Every structure is written in C-alpha cells, then in structure tokens.
Amino acid sequence: MAEEAQATPPTAVAEEVQEAPLPATTVGAKAPPQLELFNSMTKRKEPFQPLVEGKVAMYVCGVTPYDFSHIGHARAYVAFDVLYRYLKFLGYEVEYVRNFTDIDDKIIKRANERGETVTSLSSQFINEFLLDMTELQCLPPTREPRVTDHIEHIIELITKIMENGKAYAMEGDVYFSVDSFPEYLSLSGRKLDQNQAGARVAFDMRKRNPADFALWKAAKEGEPFWDSPWGRGRPGWHIECSAMSAHYLGHVFDIHGGGKDLIFPHHENELAQSRAAYPESEVKCWMHNGFVNKDDKKMAKSDNNFFTIRDIIALYHPMALRFFLMRTHYRSDVNHSDKALEIASDRVYYIYQTLYDCEEVLAIYREDGISVPVLAEEQKMIEEHHKNFLDDMSDDLKTTDVLDAFMNMLKAINSNLTDLKKLQQKLDQQNKKKQQQKKQQQKQQQSQKQPADHIQALIALEAELKDKLSILGLMPPSSLAEVLKQLKEKALIRAGLTEEELQELIEQRNVARKNKQFEVSDGIRRNLATKGIALMDEPTGTVWRPCEPES
C-alpha cells in the first residue's frame with residue numbers, strides 16, 4: 001500500500017533533474033560548522049541534530065493541483081530544495097516526503113466547471129507541477145504521496161482521535177474538538193478568540209466550538225466519496241498530512257516545512273491531530289518560508305493576484321527565477337518586480353558567461369598536464385570562499401550572502417583570463433623579436449606570473465565555483481553555450497525583437513557610425529539598452545548580450 005501511494009512522475013521529468021555532485025575539491029578538509037535552523041515553534045535558531053545519526057526525515061506540504069502553480073509555490077519548493085540539497089551535501093541520507101492534496105473543494109469545483117473527473121484534473125496539474133519543478137531544478141523528493149491513496153490511513157487516524165475523546169461525529173461529519181486539547185495554538189501563538197472560519201473552514205452552528213475543524217466531511221451529491229465508520233465522505237484538509245507524515249516518517253521526525261501561511265490553521269491543526277491520536281508525536285523543527293508579494297500583498301490564487309511559474313519562465317530563464325527566489329533569505333518575503341527579475345537574469349548571465357569564457361580558454365590547455373601549484377593568493381581566496389560558504393549555509397541557509405560572495409570569485413576568474421591573454425600576447429611578441437637576449441627574457445618572466453600560474457588558478461577557481469553552484473542547484477543541466485543561448489532568446493522576447501530584427505538594427509548602427517552619424521548610432525544603442533540589449537563593439541564586429549534595462 002505504501003509503495004503504491006507514491007505518485008509516479010513521468011520518467012522524462014524525473015530523470016532530467018540531476019542531483020548536486022559532492023565537491024571535486026575538498027578545500028581545507030575541515031568539518032563544516034554546526035548546522036543551525038530557525039524553529040518556528042521556539043521562534044529561534046537551534047542546532048540541528050537529527051533523531052537518527054546520519055539520517056534526516058523531512059515532510060513538506062505540497063500543492064493542491066487544480067491549476068498551474070504560481071511563484072509562491074516556486075518560493076516554497078526552491079527553499080526546501082536548497083535545504084534538501086545542503087543536507088545531502090553534508091552527507092545525510094534524507095527521506096523527503098512532499099504530498100499532493102488531490103481531493104479538495106477547489107479541485108471538485110474546477111473539475112465540475114470543466115466537465116471532467118477530479119482524478120483527471122488533479123493528475124493533469126500534478127504532472128504540470130512536476131514539469132515546473134524540473135525547470136527550476138528542484139530535485140524529486142523521496143516520496144510524493146497523494147491523499148486519495150491514503151484514505152485507509154486517514155480513517156485509522158480519525159478513529160484513534162475519536163477513541164481518545166478528542167473528536168466527535170455529527171450527521172456523517174467528524175470534527176476535532178479544540179477544547180479537548182489544551183496545547184492547541186502552541187505553534188502559532190494565537191488566541192482562540194482570534195479564530196474565524198476561513199477559506200477552508202466552513203461556519204457551522206452544529207459545532208461545539210466555532211474553532212473546531214473538520215476531520216471528515218459527509219458526502220455531498222456529485223462529489224467523490226469513500227466509505228467510513230461515519231458514512232460516505234472524504235477527508236478534511238488537515239488530517240491528510242498528519243496521516244501521511246506518520247505513515248512514511250513515523251510519529252516523531254526531524255523537519256516539517258511549508259509556507260508561513262500554513263502555520264495557522266494547517267500546521268497548528270496537524271500538530272493537534274497528531275498529538276491527540278498519539279501523544280508522543282513530535283516535529284523536532286518546524287520551518288516556514290516567506291511569501292512572494294506583489295504590491296505589498298501576498299500572491300494568492302484566491303485573490304487573483306499572482307503570476308504562474310509558466311508566466312515567469314516564458315519571459316525569464318528558469319535559472320534566473322531560481323536565483324531571484326534564492327536572492328532573498330527563505331524566511332523573508334520576496335518582493336516581485338520586473339526590475340528584480342531583470343537583475344537576477346543579468347546576474348546569472350554574467351555567471352554563465354564567465355564560466356563559459358573560462359571553459360573555452362582552459363580547453364586549449366587541459367591536455368598540457370600543467371602541475372604547478374595554485375599560487376598563494378588564489379589558494380587563500382578559494383579556501384576563504386569555501387569556509388564562508390559553509391558558514392553561511394550552516395547559519396540557517398543564508399543564500400543571500402552566498403550568492404553575493406560569488407561575485408568575488410567571478411571577478412578573480414575574469415582577472416586571470418584578462419591577465420593570461422595579455423601575458424600570452426606579450427610572450428608571443430617577445431618570441432618574434434629574435435634579437436632580444438634570452439637573459440633579458442628570463443629576467444622579465446621571473447618578475448611576473450607565468451601562463452601556467454593563471455591556468456592553474458583558473459582551474460581551481462572554476463572547480464570551486466561550479467561545486468557551489470551545483471550544491472545550490474544553479475548549474476544548468478545543458479551546456480553553458482546552450483544556456484547562454486536560451487538567456488539571449490528570453491531577452492529578445494522581453495525586448496519584443498527577433499534575432500533578425502536586432503541584427504538589422506546593429507547593421508543600421510554600423511552604417512551610421514561609418515557615415516559619422518553618431519547621434520543616430522548612439523540613439524540605436526540607447527534604445528536597445530532601454531530594452532535590455534547591450535551592444536559591444538569588438539575587433540571582429542558588434543556583438544550583443546542581455547543586460548538590465550536602462551531607464
């Protein structure tokens with residue numbers, strides 16, 4: 001039963017996302033610092049100590065699949081993917097469970113509107129969600145159970161809660177009695193008089209307390225149902241995660257995560273249900289990510305104030321969206337704006353272009369068997385970068401600082417590329433001047449870095465940067481040349497231009513420059529810059545790259 005409950009994504013989707021490799025170079029060989037995570041229950045950062053040494057059990061609440069997922073969903077699952085990847089990098093064996101709520105009022109309503117079954121609708125949008133996660137390079141969880149595959153476990157859990165006197169049945173419905181559970185609201189810190197019926201909590205005069213919530217809902221005409229001791233019906237919203245987390249991870253496990261909007265009522269009610277059934281139930285660390293806001297208001301489908309993941313990646317590369325989401329610490333709210341996405345897109349282009357340039361140069365030398373040591377300056381930079389990466393990631397996943405620190409590495413790579421090119425040109429010129437004495441050449445060469453020094457530095461810097469990008473899920477699955485091409489294609493879409501139209505404008509500018517019509521040529525360049533297209537004049541001709549649009 002447990003094996004069958006796992007939702008099986010399409011094979012192509014599952015295989016496209018590759019796990020982050022462990023670093024090729026272990027710099028310094030020092031143990032990482034103690035991982036600390038913010039616990040929403042205690043409201044503070046705490047040292048993370050898994051229940052079982054070397055293993056982590058983690059449950060993250062999944063989507064209700066009735067439509068395409070929005071970037072608020074991307075926010076949550078990128079955040080917990082970063083945690084998942086970092087735990088694996090630290091050497092933990094992680095059991096990561098993320099569910100699908102495939103039976104819900106919203107799914108039933110949408111399926112009826114479309115004239116299809118609940119199963120076909122939810123299955124369609126489960127597959128669409130998995131495709132989105134692949135685009136964002138979120139690793140597949142260990143298990144992805146669906147609620148409808150766990151009705152038996154849900155009924156067993158509700159029965160246990162009732163046996164313990166914490167729930168009551170009325171006309172086919174079953175409600176949790178909050179008055180019977182003194183610990184209720186210990187996670188959110190709310191007071192009972194703050195509770196009101198919400199989007200998924202119906203107002204019902206039959207309830208003993210208005211805050212009581214449904215564990216089981218009696219069947220309504222035209223809705224899916226299952227047989228139960230209380231009659232035909234279906235699960236309430238919260239009970240599913242209590243049942244599935246216990247089934248896969250046990251009554252006590254390490255991490256439970258989701259968006260901070262789930263703290264109340266969903267996680268509060270989960271906690272109450274689980275402990276009402278089994279008092280030993282415990283989550284060691286509750287983790288919650290911040291919202292994505294638009295105009296200072298939380299994005300939500302219910303408010304029609306959202307962009308889907310598909311909307312965003314139609315205009316921006318998925319790695320730009322992932323970078324944008326990681327650029328803000330996971331517990332803080334992200335403010336969505338075109339400008340912020342443009343900055344993220346420009347940053348990832350710079351990262352991949354620098355690595356591509358490095359690969360192109362190193363391809364010439366890789367077979368030369370260069371064995372000189374990395375110079376002290378670069379070695380120190382790499383060791384410090386590695387240490388700072390571990391310090392920041394182990395301090396509640398400070399991805400903002402980690403991403404900012406990449407800039408120093410990229411500058412060092414570009415500096416070595418520039419210096420190597422200049423030095424190679426200088427040496428080539430010296431070799432052509434046969435009249436120059438060999439002693440003078442040797443003296444000049446001893447006073448500066450040699451090509452081998454730059455090459456070895458580039459190899460080491462490239463390895464360090466790629467290692468850390470891989471751990472964060474930011475190394476593209478395709479070649480760097482391919483991802484740069486994709487980033488340029490997205491930039492053209494945002495600019496409203498085709499490649500042919502851009503080349504025509506570049507040619508018009510070239511003609512204007514040739515005719516000394518500099519006002520015209522500058523106007524073309526400035527106009528393109530406002531659309532996010534930067535022109536660069538090189539000896540071989542004019543080339544372009546995406547850029548942050550100039551105002």
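How many bridges join strand β11 to β13, and do the two strands run parallel or antiparallel? Point 4 below gives the answer within its sheet.

1. **Confidence of the model.** The structure is a predicted model. Its pLDDT averages 90 over the protein, and 89% of the residues score at least 70. The stretch of residues 1-28 has a pLDDT below 50. In the model, this stretch nevertheless has 60 contacts beyond near neighbours in sequence.

2. **The hairpin of β1 and β2.** Strand β1 (residues 36-39) and strand β2 (residues 44-47) run antiparallel and are joined by 4 bridges. Within this pairing, Asn-39 of the one strand stands opposite Arg-44 in β2. The hairpin has 4 residues between its strands, and Lys-43 takes a positive phi near 65 degrees there.

3. **The sheet of 4 strands.** An open sheet is built in the order β4-β3-β9-β10, and its pairing is parallel. The edge positions belong to β4 (93-98) and β10 (282-289); each has a single partner strand, so one side of each lacks a neighbour in the sheet. On average, neighbouring strands of this sheet are turned by 25 degrees against each other, direction ignored. Strand β3 (residues 55-60) pairs with strand β9 (residues 252-259) in the parallel sense over 3 bridges. One position in that pairing is Tyr-59, whose bridge partner in β9 is His-256. Helix α6 (residues 239-249) lies across β3, β4 and β9, and runs at about 160 degrees to β3.

4. **The sheet of 3 strands.** A further open sheet has 3 strands in the order β12-β11-β13, with mixed pairing. Here β12 (297-298) and β13 (334-335) stand at the edges with a single partner strand each, so one side of each is left without a neighbour in the sheet. As for the opening question, strand β11 (residues 292-294) and β13 run parallel and are joined by 2 bridges. Asn-293 stands opposite Asn-335 in β13.

5. **Helices α2 and α9.** How do the axes of helix α2 and helix α9 cross, and within what distance do they come? The axes of α2 (residues 71-89) and α9 (residues 318-326) come within 10 Å and cross at roughly 80 degrees. The two helices are therefore roughly perpendicular. From α2, the contact draws on Ile-71, Ala-74, Arg-75, Val-78, Asp-81, Val-82 and Arg-85. From α9, the residues in this contact are Leu-321, Arg-322, Leu-325 and Met-326. By class, the contact of α2 with α9 comprises 7 nonpolar and 4 charged residues, with no polar ones.

6. **Helices α3 and α4.** Helix α3 (residues 105-114) packs with helix α4 (residues 118-135) at an angle of about 105 degrees, and their axes are 9 Å apart. This pair is therefore also described as roughly perpendicular. Ile-107, Ile-108, Arg-110, Ala-111 and Arg-114 are the α3 residues that meet α4. On the α4 side, they meet Val-118, Leu-121, Ser-122, Gln-124 and Phe-125. The residues of this contact divide into 6 nonpolar, 2 polar and 2 charged.

7. **Backbone exceptions.** Most residues other than glycine have a negative phi, and most peptide bonds are trans. Gln-137, although not a glycine, has a positive phi of about 60 degrees. Gln-137 is placed in the loop between α4 and α5 (151-163). A cis peptide bond joins Phe-264 and Pro-265, with omega at about 5 degrees. Pro-265 lies in helix α7 (residues 263-277).

8. **The annotated coiled-coil region.** Which residues does UniProt list for "coiled-coil region"? The unreviewed UniProt entry lists residues 488-515 under that name. Over residues 488-515 the model has 86% helix and 0% strand. The end C-alpha atoms of residues 488-515 are 30 Å apart.

9. **The hairpin of β14 and β15.** Strand β14 (residues 533-538) and strand β15 (residues 541-546) pair in the antiparallel sense over 6 bridges. The two strands form a hairpin with 2 residues between them. Ala-534 has Arg-545 in β15 as its bridge partner.

Note on methods. Residues numbered from 1 in each chain as written. Predicted model: local features only at pLDDT ≥ 70, side-chain atom pairs only at ≥ 80, totals over all residues. Heavy atoms only, no water. UniProt positions renumbered as here; feature names shortened; annotations may be inferred. Pairing = 2+ DSSP bridges. pLDDT = per-residue confidence, 0-100. Contact = heavy atoms within 4.5 Å. Axes fitted to C-alpha atoms, helices over the stretch in contact; angles between N-to-C directions. Parallel < 35°, antiparallel > 145°, perpendicular 65-115°, else oblique. Nonpolar A, V, L, I, M, F, W, Y, C, P; charged D, E, K, R; others polar.
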